[in-house]
Amino acid sequence: MQKPSVSGNATTDRGWRLENTYAQLPEAFSARVNPVPVRAPKLVALNHPLAKSLGLNLHDWDEEAVAIFSGNRLLEGSEPIAQAYAGHQYGGFTMLGDGRAILLGEQRTPSGQLFDVQLKGSGQTPFSRRGDGRAAIGPMLREYIISEAMFRLGVPTTRSLAVVTTGEPVYRDSTLPGAILTRIAASHIRVGTFEYFAGREDVNGLQVLADYAIARHYPEIGNKPERYLHLLKAVIQRQASLIAQWQQIGFVHGVMNTDNVAISGETIDYGPCAFMDAYDPNTVFSSIDSYGRYAYGNQPKIGQWNIARFAEALLPLLDSDREKSIAIATQAVHTFPDVYQHYWLSGMRLKLGLISEEDADRELIEALLAWMHQTQSDFTNTFRDLSTESLANEKKYQAEAFQAWYSKWQDRLGRNAVAKADAVKQMQAINPAVIPRNHLVEEALEAATEQADYSFVEKLLEVLAAPFSETSEDGRYRTAPSPTEHVYQTYCGT
Ligand code: AMP
Ligand code: MG
């Protein structure tokens with residue numbers, strides 16, 4: 001087997017400018033570990049626009065890129081680490097850490113931003129517990145497809161730079177082709193990272209982490225004495241805003257454990273996630289979420305629960321008096337529902353083209369959702385159908401119940417701050433025509449897994465790159481699944 005080695009001139013040739021700011025934090029933050037080399041790596045996906053924005057000059061045929069993204073060769077200047085963290089998984093606290101991921105370092109982009117470059121599925125680490133440290137091709141391509149779709153939909157998210165197959169099998173319920181994903185993130189600091197230090201009662205570590213997170217994600221907070229409360233409030237804003245955006249596009253994360261909540265406010269850790277077809281707040285995809293803890297309609301509530309765990313972890317930093325800390329934290333956590341509602345309502349107004357604000361708007365929006373639920377209407381397509389000057393000639397839109405709602409909405413648009421044509425244009429820019437429909441994603445992953453055929457993955461990525469535009473050949477990607485096509489379950493496949 002090939003050993004990782006330092007590449008001669010990767011830094012100068014390809015635009016890599018790696019820093020290791022996280023690796024330089026105190027020892028408890030991470031374990032130093034190299035990726036485990038793989039037998040026969042093959043590049044199956046490379047995100048050219050992302051590479052470019054990172055200042056990288058990469059090519060599909062580039063042997064060096066394959067070696068780097070498989071972990072077979074280390075980038076010059078990389079100090080690879082597995083990050084330590086904990087998390088509440090389905091409500092229970094556990095010590096975790098990167099069991100199958102390795103942070104190669106942070107890329108400094110030409111515009112000066114810092115992004116984590118992480119390999120996922122790169123072999124065992126000291127945090128692997130009983131896991132093999134590997135990943136299967138299906139889940140890695142699912143993360144690639146959905147995260148890219150989310151990015152194009154304008155939702156904050158980690159992104160995927162590359163997927164390589166390893167040429168080695170991984171053993172799950174069946175034997176599957178192994179793969180490694182290269183993930184790009186604003187950082188991989190999670191609520192669970194704070195819980196890790198709180199759980200060890202390491203207040204110094206907690207403070208170092210909080211200061212690092214502030215400097216990296218919330219520099220405007222600065223050095224004020226009350227900076228940790230400001231951090232809590234800022235994370236509440238970003239998480240509430242993020243989850244409101246998920247709700248507005250019908251995204252179900254599937255595993256909102258606290259180790260999957262990024263302090264940066266990006267969507268992270270795409271497991272059994274999927275987009276809802278017919279509108280139903282009870283929508284669950286994850287095969288292991290049998291109680292519906294992470295159902296679509298529960299996401300805002302779970303968001304607040306996760307923020308409460310973050311606030312708890314921060315207690316030692318909020319005040320030297322524990323009672324006072326608890327009072328401060330509680331007050332902040334209780335703001336979450338209102339903050340969330342604010343983001344949700346302003347986003348939903350835009351989805352219906354409501355530029356000005358009226359008190360009855362919420363009722364109008366909720367009446368539409370109730371109708372969609374009752375008639376099992378497709379969430380994405382209903383909003384897109386409404387984003388036109390005159391309504392599509394569909395039977396369900398002729399029904400009395402809908403017509404009553406529609407004329408109220410038309411009246412409301414008549415009182416709008418802008419002309420209807422402009423409102424419709426705005427609606428088309430935020431109500432997507434194409435989303436990664438679960439049945440299509442599954443079909444693409446099956447072809448990739450079973451026949452090593454990536455053509456449908458590529459086609460999906462191409463269509464999803466422009467979610468707000470419509471072309472004559474889009475039909476297949478815009479149609480809700482028929483009852484026989486419907487995929488109700490997704491698997492963690494870890
Ligand atoms: P996730 O469900 O992906 O959020 O992962 C939860 C935890 O399990 C994290 O600490 C992962 O690093 C770890 N993990 C998941 N899959 C594996 C695996 N195949 N080998 C080792 N650790 C894993
Ligand atoms: Mg995770």
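**Ligand surroundings and two buried residues in the predicted model**

Among the 18 residues that surround ligand 1, those that come nearest are G97, G99, R129, D132 and G133. The structure described here is a predicted model, and the distances and areas reported below are accordingly computed from its atoms. By class, the shell around ligand 1 consists of two nonpolar residues together with eight polar and eight charged ones.

Polar backbone atoms of the protein approach ligand 1 at several places. A polar backbone atom of G97 lies 2.6 Å from an oxygen atom of ligand 1, and a polar backbone atom of G99 is found 2.7 Å from an oxygen atom of the ligand. At R134, a polar backbone atom is placed 3.2 Å from a nitrogen atom of ligand 1. Taken on its own, ligand 1 has 490 Å² of accessible area, of which the protein covers 85%.

The magnesium ion, ligand 2, has N260 and D269 as its protein donors, through OD1 in the case of N260 and OD in the case of D269, and these donors lie 1.9 to 2.2 Å from the ion. Both of these residues, N260 and D269, are buried.

Two further positions were examined for their surroundings. A313 is located in helix α8, which spans residues 299–318. With a relative accessible area of 3%, A313 falls under the 20% limit and is therefore classed as buried. When neighbours within four places in sequence are left aside, the residues in contact with A313 are F194, E195, A198 and L206. Between A313 and S78, which are 235 residues apart in sequence, the distance from C-alpha to C-alpha is 31 Å.

T490, in turn, is found in the segment that follows α18 (475–478). Its relative accessible area is 0%, under the limit of 20%, so T490 is likewise assigned to the buried class. Leaving aside neighbours within four places in sequence, T490 is in contact with R142, with P272, C273 and A274, with F285, S286 and S287, and with N438 and E442. With P272 there is also a polar contact, in which the side chain of T490 reaches the backbone oxygen of P272 at 2.6 Å. The C-alpha atoms of T490 and R73 are separated by 33 Å, and the two residues are 417 residues apart along the chain.

Terms used: Residues are numbered from 1 along each chain as its sequence is written. Chains are lettered from A and ligands numbered from 1 in the order in which they are written. This is a predicted model: local features need pLDDT of at least 70, side-chain atom pairs count only at pLDDT 80 or more; totals for chains, interfaces and linings use all residues. Side-chain values use heavy atoms; hydrogens and water are left out. Donors are N, O and S atoms within 2.8 Å of the metal (3.2 Å for Na, K and Ca); water is not among the atoms, so sites may look incomplete. Buried means under 20% relative accessible area, exposed over 50%, partly exposed in between (1.4 Å probe, protein chains only). A residue is near a molecule or strand if one of its heavy atoms lies within 4 Å of it. A polar contact is a pair of N or O atoms within 3.5 Å; within protein, one must be able to donate a hydrogen and the other to accept it, and residues adjacent in sequence count only if both atoms are side-chain atoms. Accessible areas come from the Shrake-Rupley method with a 1.4 Å probe; for residues, only the protein chains shown count as cover. Ala, Val, Leu, Ile, Met, Phe, Trp, Tyr, Cys and Pro count as nonpolar, Asp, Glu, Lys and Arg as charged, and the others, Gly among them, as polar. Helices (H or I, at least four residues) and strands (E, at least two) are DSSP runs, numbered from the N terminus. Contact means heavy atoms within 4.5 Å.
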